[in-house]
Amino acid sequence: MVRISNLEFWKKKRIMMTNVLGETPHFYGVDLEKNGEDLRLTEGDVFEVTYRDEFIFKKVHSDSLTGKNIEVDVEGVGGPNDLGSLLKGVDIVDQFIKETEKKFSVTVRYNRQTIASIPIEVKVQPQDWLRLARQSSDKRTQTGYLEQAVNMKSEDVNARRMLAGSYVDSGNIEKGLSEYEAVLKQKPDDLPSLIALSKLYEKRKMYQEALLTYRKIISMNSKDAAAYASIARVYSLIENWPRATANYRVSLRLSPDNPTVRYNLAEAYEKIGNTQEALREYEKVFKDMPESEAVIAALADIYLKMKEYDKAIDL
């Protein structure tokens, strides 16, 4: 006579009661494939999910010999029965962020009756907040997501730069300035932040700070024509016309085909009383922009000053 252990006896008895008498089966585990790795979850386990995960629940182990009428429901994704379906962690993460108070679980049912519930632990990462921020069209919501990303990973320069830009777009210039400055403390040569910060300084009439920032940009690339033109513009704003003229000339030497910079140089020449050079530059701009009313008016004005009335009339 073959002896069987008490455990085997009760297991066989359960199988008989489930399959013959129709009682609720006992749950032993569920097999799944997660990111190419085979796993088994049992009661007492916790199923961890991140936005990168992909998984398929393949088989439920229970007292039911046929496996009929058994469903696996992954809360937050899929349908009422997700057995055999490819599921993505990103969908659970997004649902979790929308409903932070809700508890998510993998529920196993037999004849619609729950026989096991395995809690899902959703691992929200900084990338999730960045992803949602990029997807959002609402500035306030976008800023909130970016704040979460920065709070979670303060050393993330990209997230902080995006947050700075979001503050500026929302009209919160002071917070934008502060975040760009924080980026540059972590990464002093971050060019996008230097460019954005220099423009903010200029907008706030912090001209010395703007000049220092533009010079930092030039120290990184001595052939940056736009940076020289920006320095010239700041000098124009503080009415230092000789320096404005010098920097516009450098900008044009690096990038000769910029009519806007050439027009500004002509204006600067006028301010320092160099009418001949101003005229020469205005005429060059007029060749490139013959329909521009501003250019026509400036050129006509300088012709009149030089008493070249016929040329002024012909414009």
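Arg160 and Glu179 are both buried in this predicted model. Their side chains meet in a salt bridge, with 2.6 Å from N to O. This pair ties together distant parts of the chain: Arg160 sits in helix H5 (residues 157-169) and Glu179 in helix H6 (residues 173-186), 19 residues apart. Side chains of opposite charge can pair when their charged atoms come close.

How many salt bridges are there in the count? The total comes to 20. One of them joins Arg109 to Asp73, whose closest N and O atoms are 3.4 Å apart. Here, too, distant parts of the chain are linked, as Arg109 belongs to strand E7 (residues 105-110) and Asp73 to strand E5 (residues 70-74), 36 residues apart. Look at how these two partners are covered. Arg109 has 21% relative accessibility, so it counts as partly exposed, while Asp73, at 17%, counts as buried. The cut-off for buried is under 20%.

Another salt bridge connects the side chains of Arg40 and Asp31, at 2.7 Å from N to O. Arg40 is partly exposed because its relative accessibility is 48%, and Asp31 counts as buried because its value is 18%.

Now turn to the aromatic rings. The whole structure holds six aromatic pairs. In one of them, Phe47 and Phe55 meet edge-to-face, with 5.1 Å from centre to centre and 90 degrees between the planes. Both Phe47 and Phe55 are buried. Trp129 and Tyr145 make a pair of rings with centres 5.8 Å apart and planes at 35 degrees, so this pair is tilted. The pair also bridges distant parts of the chain, with Trp129 in helix H3 (residues 126-135) and Tyr145 in helix H4 (residues 139-152), 16 residues apart. Trp129 is buried, as is Tyr145. Going back to the phenylalanines, ring pairs link Phe47, Phe55 and Phe57 into a cluster.

Helix H3 has another residue to find, Leu132. Is Leu132 buried or exposed? Its relative accessible area is 10%, so Leu132 is buried. Setting aside neighbours within four places in sequence, Leu132 is in contact with Asp94, Ile97 and Tyr145. To get a feel for distance, compare Leu132 with Asn274: they are 142 residues apart in sequence and 56 Å apart in space, C-alpha to C-alpha.

Let's move along to helix H10 (residues 241-254). At 1.5 Å a residue, its 14 residues should span 20 Å, and the end C-alpha atoms are indeed 20 Å apart, which agrees. The buried residues of H10 are Trp241, Ala244, Thr245, Asn247, Tyr248, Ser251 and Leu252. An α-helix has 3.6 residues a turn, so residues three or four places apart point the same way. The cover over the buried residues of H10 includes helix H9 (225-237) and helix H11 (259-271).

Helix H12 (residues 275-288) passes the span check too: its 14 residues should cover 20 Å at 1.5 Å a residue, and its end C-alpha atoms are 20 Å apart. Which residues of H12 are buried? They are Ala278, Leu279, Glu281, Tyr282 and Val285. H11 and helix H13 (293-305) are included in what covers them.

Finally, visit the surface. Leu191, Ile195 and Met220 make a nonpolar surface patch of about 210 Å². Leu191 lies in helix H7 (residues 191-203), and it counts as partly exposed because its relative accessibility is 34%.

How values were computed: Residues numbered from 1 in each chain as written. Predicted model: local features only at pLDDT ≥ 70, side-chain atom pairs only at ≥ 80, totals over all residues. Heavy atoms only, no water. Helix = DSSP H or I, 4+ residues; strand = E, 2+ residues; numbered from the N terminus. Expected span 1.5 Å × (residues − 1). Buried < 20%, exposed > 50% of the residue type's maximum accessible area, 1.4 Å probe, protein only. Contact = heavy atoms within 4.5 Å. Patch = residues over 30% accessible without salt bridge, like charges linked within 9 Å, V, L, I, M, F, W, Y side chains within 5 Å. Areas by Shrake-Rupley, 256 points an atom, 1.4 Å probe, with all protein chains shown as cover. Salt bridge = Lys/Arg side-chain N within 4 Å of Asp/Glu carboxyl O. Phe/Tyr/Trp six-rings, centres within 6.5 Å; stacked < 30°, edge-to-face > 60°.
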